Amino acid sequence: MPSHCRNALNIVVTTLFAAVVLFTILLAYVTGYQFIHTEQHHLSFGLYGAFLSLHLFLQSLFAFLEHRRMRNPSRPQHLRRSVALCIAAYQEDPDYLRKCLRSIRRISFPGLKVVLVVDGNRPEDCYMMDIFQEVMGGADQAGSMVWKGNYHSDGSGGGGVGGGRRSTVHMEEAARVARLVRGCRYSCIMQEWGGKREVMYTAFKALGDSVDYVQVCDSDTVLDPACTIEMLKILEEDPMVGGVGGDVQILNKYDSWISFLSSVRYWMAFNIERACQSYFGCVQCISGPLGMYRNSLLQRFLEPWYHQTFLGSKCSFGDDRHLTNRVLSFGYKTKYTARSQCQTETPTQYLRWLNQQTRWSKSYFREWLYNALWFHKHSLWMTYESVVTGFFPFFLVATVIHLFYRGRLWNILLFLLTVQLVGMVKATYACFLRGSLVMIFMSLYSLLYMSSLLPAKIFALLTINKAGWGTSGRRKIVVNLIGAVPVTVWTMVLLGGVAYTIYCETQEPFSETEKALLIAGTILYACYWLILLVLYLAIVAKRCNKREEQYHLPYAEA
């Protein structure tokens with residue numbers, strides 16, 4: 001069969017499959033078909049619940065199989081391959097940046113090239129170059145440069161490259177940057193502010209085709225000495241793998257309750273969700289703190305990646321997710337390996353975390369639309385999971401509003417119990433897979449998702465083309481209060497539902513069965529929170545704000 005006919009057939013099959021999956025979920029949700037239920041429907045198990053249970057089971061199964069595959073390490077075959085590690089930095093905390101560079105010096109890969117690009121060239125940004133020279137400057141072939149502009153600006157303030165002599169000077173400076181990056185093993189470039197994508201573009205463009213692979217890293221990340229070689233193994237084993245990501249853990253997980261819950265959520269996201277995607281070769285986001293790409297492929301889509309637009313506006317966030325999508329668009333696989341590890345900083349303040357999650361949700365919805373164009377080039381699992389995860393928040397919002405405004409307290413209580421039950425099942429499996437009791441706290445994240453992340457996702461979709469805010473640099477933390485808007489609105493909606501339900505319940509007395517269920521359910525829910533609170537105070541709370549205890553991995557001693 002000719003390739004264009006096969007391609008057209010794949011598109012038709014994939015589109016029909018996506019439509020069937022979505023229609024099945026919608027049918028199960030709308031009909032509310034129940035397999036079993038009590039006499040007065042106080043308890044039931046239906047088609048929609050069975051579908052979600054099957055999804056969780058399959059996801060956990062494929063993640064387990066992928067971890068089994070990871071446990072059989074292969075020996076590196078091509079240590080002569082050249083790798084460049086590109087670090088993006090913006091107003092970084094000096095302590096984090098110093099730890100990042102020290103950990104890089106300890107990476108066990110011969111001839112690793114390091115490129116640090118600082119987003120900003122003002123006097124107050126110079127401390128980052130000073131730290132680079134302090135940590136890396138003693139080595140041979142180290143160089144640095146302050147660039148007045150960047151590849152898309154000559155630094156004159158006009159937002160572009162001028163003509164005549166200015167254009168010639170700009171071209172000479174760009175050539176100098178390329179010579180510095182290609183000629184020095186360690187190089188640091190300070191350039192005019194332009195955002196993370198501009199910084200990444202500078203590193204990729206300056207490297208050109210001088211290396212075989214490009215590794216990416218954020219300036220708040222501490223890398224494991226074996227991270228580079230472990231990702232390189234994956235790329236060398238299969239020439240159709242275009243990118244690979246590693247296991248990103250939290251460096252400051254004991255700084256606050258929000259950073260601790262983020263740490264258990266990160267483990268689930270990488271070792272369950274992305275491990276499952278990796279089984280089918282379709283990891284949908286290689287995270288910025290730890291990833292590696294085939295450079296010959298990266299250079300092919302560098303310009304389209306940088307010039308990405310959405311609804312007529314240039315994209316200024318979601319850089320790593322779009323980089324992954326570009327790899328997938330060429331039909332290459334993307335993988336995950338838990339054998340490559342790092343630790344990175346996460347927000348410790350609730351509002352800063354909320355702003356981060358909103359920004360990530362914006363890029364998720366935007367990239368979902370782009371990713372759908374390439375479903376036919378990959379496993380049907382990619383299509384299936386994208387449909388399920390893409391539409392799940394909307395079904396969940398509809399379920400919550402329906403139950404809270406149905407006029408029965410038992411519906412609200414049953415929903416809360418179900419959320420925590422699902423969280424406990426996932427947490428228990430994570431404890432088994434990780435071999436650590438600390439994953440039991442993953443069940444607490446369920447409430448955080450329902451109360452904060454869910455409204456943030458809806459808000460992100462409504463403001464998807466607004467890019468004027470997000471998380472700030474770490475040297476000076478700036479908290480944007482706009483992240484509290486969707487949570488406040490969502491809280492008012494839920495409180496309105498509770499008030500309406502209480503009013504309805506006062507109009508007629510409870511039946512004896514409903515009274516018993518409400519009492520039993522309330523006791524069960526209270527016991528759950530009491531037990532988790534005691535465990536949290538005993539295991540986690542006593543370690544919070546003790547910075548010397550948070551660096552529990554050997555490479556974090558850097």
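User: How many disulfides does the structure hold?

Analyst: This is a predicted model, and the structure holds 0 disulfides.

User: How do you know that Cys126 is in no disulfide?

Analyst: The nearest cysteine sulfur, that of Cys188, is 9.8 Å away from Cys126. A disulfide needs two cysteine sulfur atoms within 2.5 Å, so Cys126 is in none. The case of Cys184 is argued in the same manner: its nearest cysteine sulfur, that of Cys188, lies 11 Å away, and the cut-off is 2.5 Å, so Cys184 is in no disulfide.

User: Why is Cys126 called partly exposed?

Analyst: Cys126 has a relative accessible area of 30%. Buried means under 20% and exposed means over 50%, so a value of 30% makes Cys126 partly exposed.

User: And is Cys184 buried or exposed?

Analyst: Buried, because its relative accessibility is 14% and the limit is under 20%.

User: Let's turn to helix H8. What makes its span close to the expected one?

Analyst: Helix H8 covers residues 257–279, which is 23 residues. From first C-alpha to last, H8 reaches 32 Å, close to the 33 Å expected at 1.5 Å a residue. There is a bend in H8 too, of about 25 degrees at Ala269. Just after H8 comes Gly281, with a positive phi of about 70 degrees.

User: Why is H8 called mostly covered?

Analyst: Of the 23 residues of H8, 19 are buried. Buried means under 20% relative accessible area, so H8 counts as mostly covered.

User: What makes strand E13 largely enclosed?

Analyst: E13 spans residues 333–344, and 9 of its 12 residues are buried, so the rest of the structure largely encloses it.

User: How do you know that E13 pairs with strands E8 and E9?

Analyst: Two strands pair if there are at least two bridges between them. E8 (residues 221–223) and E13 are joined by 3 bridges and run antiparallel; Val222, for instance, has Gln343 as its bridge partner in E13. E9 (residues 241–250) and E13 share 9 bridges in the parallel sense, with Val241 partnered by Lys333. Both counts reach the two bridges needed, so both are pairs.

User: What makes E5 and E8 the edge strands?

Analyst: The open sheet has 9 strands in the order E5-E6-E4-E3-E7-E10-E9-E13-E8, with mixed pairing. E5 (142–146) and E8 each pair on one side only, and they are the edge strands. Neighbouring strands of this sheet are turned by 25 degrees against each other on average, direction ignored.

Note on methods:
Residues are numbered from 1 along each chain as its sequence is written. This is a predicted model: local features need pLDDT of at least 70, side-chain atom pairs count only at pLDDT 80 or more; totals for chains, interfaces and linings use all residues. Side-chain values use heavy atoms; hydrogens and water are left out. Buried means under 20% relative accessible area, exposed over 50%, partly exposed in between (1.4 Å probe, protein chains only). Helices (H or I, at least four residues) and strands (E, at least two) are DSSP runs, numbered from the N terminus. The expected span of a helix is 1.5 Å times one less than its number of residues. The bend at a residue is the angle between axes fitted to the seven residues ending there and the seven starting there. Axes are lines fitted to C-alpha atoms, for helices over the stretch in contact, and angles run from 0 to 180 degrees between N-to-C directions.
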